[in-house]
Amino acid sequence: MKHVISLVRILFLVLFIFLLSKGKMMFWFAIYGISLIAAIFFGRVYCGYACPMNTLMIPTEWLSKKMKLQTKESPKWLQSGKLPWIALVGSIVVMLFAKRVLHKDIPILLFWLFASILLTLRYKPAVFHNLICPFGAPQKVFGKFARFSTKVNKQTCIGCKLCEKACPTEAILVKSENKKADIETSLCLQCTSCQQVCPKDCINYSNKEISLMCES
Ligand code: SF4
Ligand code: SF4
């Protein structure tokens with residue numbers, strides 16, 4: 001499963017580089033637009049599988065840990081959560097200005113790609129995913145309503161927190177009151193990293209409504 005996921009990510013990265021080299025980024029933005037609708041049904045699969053930033057942040061985080069560069073802190077000034085929206089509006093304004101006035105296509109995604117790599121050399125991936133990424137902000141809104149999503153079976157969870165450590169977005173947390181893991185759907189990239197480490201096999205991708213019925 002892990003290798004299939006890596007292969008899918010690499011294929012999307014190759015497609016991204018191809019479209020970028022041909023100056024056809026509108027096709028990529030079309031994929032992104034479709035993925036927003038898909039997020040209502042299947043969650044933030046674009047972020048977990050197609051996004052070139054996420055794909056390159058995974059080896060960057062590995063390198064950061066190896067070189068002992070990563071800090072657990074996240075910048076306090078980012079905590080308001082407004083930056084992704086400001087960055088999104090700013091990116092659209094810059095692209096439109098360049099297109100209409102300068103008659104040039106600005107590869108804005110390339111700028112954010114470098115930013116995500118540089119920031120992940122220092123901070124945990126959750127900082128970029130949750131507090132900076134302009135493309136993640138609308139995905140959070142749509143992904144919150146995902147019909148299918150990664151869920152925890154509370155009856156078998158032993159609260160070991162291995163899933164917490166594996167999650168790139170801090171979407172899964174073990175609650176102190178019941179010592180059971182719970183997932184914030186809007187932050188979940190559906191990446192399966194938590195499933196892969198769970199010793200009780202109690203994390204599954206499933207229909208949200210059926211999971212709720214089973215729990216009640
Ligand atoms: S890894 Fe599995 S058992 Fe451990 S806290 Fe997470 S969901 Fe529960
Ligand atoms: S590790 Fe689990 S909770 Fe975290 S983003 Fe991936 S699938 Fe979602």
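**A first look at the ligand shell, the two domains and two residues**

Hi everyone, let's start at the ligand. Ligand 1 has 15 residues around it, and the closest are Cys157, Cys160, Cys163, Ala181 and Cys198. What kinds of residues make up that shell? There are 12 nonpolar residues, one polar and two charged. Please keep in mind that what we have on the screen is a predicted model.

Now let's step back to the whole protein. How is the protein divided? There is domain 1, covering 2–143, and domain 2, covering 149–215. If you take the C-alpha centres of domain 1 and domain 2, they are 24 Å apart. The contact between them draws on 14 residues from domain 1 and 13 residues from domain 2.

Let's stay on the domain 1 side of that contact for a moment. Four helices each give at least two residues to the side that touches domain 2: helix H1 (2–21), helix H3 (45–50), H7 and helix H8 (136–143). Which of them supplies the largest share? That would be H7, with four residues. As for character, this side of domain 1 splits into five nonpolar residues, six polar and three charged.

With H7 in mind, let me show you a residue in the loop that leads up to it. Tyr123 sits in the loop between helix H6 (108–120) and helix H7 (125–131). Is Tyr123 buried or exposed? Tyr123 has 22 other C-beta atoms within 10 Å, and since 20 or more is enough to count as buried, Tyr123 is buried. Setting aside neighbours within four places in sequence, the contacts of Tyr123 are Thr71 and Ser74. Ser91, on the other hand, is 32 residues from Tyr123 in sequence and 22 Å from it in space, C-alpha to C-alpha.

Ser91 comes up again with my last residue, Ile108, which is in helix H6. Which residues does Ile108 touch, leaving aside its neighbours within four places in sequence? Ile108 is in contact with Ser91, Val94 and Met95. Ile108 has 19 other C-beta atoms within 10 Å, so it is classed as partly exposed. Remember that the cut-off for buried is 20 or more. Finally, try finding Ile108 and Phe145 on the model: they are 37 residues apart in sequence, and their C-alpha atoms are 28 Å apart in space.

That's my tour, and thanks for listening!

Note on methods. Residues numbered from 1 in each chain as written. Chains lettered and ligands numbered in written order. Predicted model: local features only at pLDDT ≥ 70, side-chain atom pairs only at ≥ 80, totals over all residues. Buried ≥ 20, exposed ≤ 12 C-beta atoms within 10 Å, placed from the backbone. Contact = placed C-beta atoms within 7 Å. Near = placed C-beta within 6 Å. Nonpolar A, V, L, I, M, F, W, Y, C, P; charged D, E, K, R; others polar. Domains from an automatic or database assignment.
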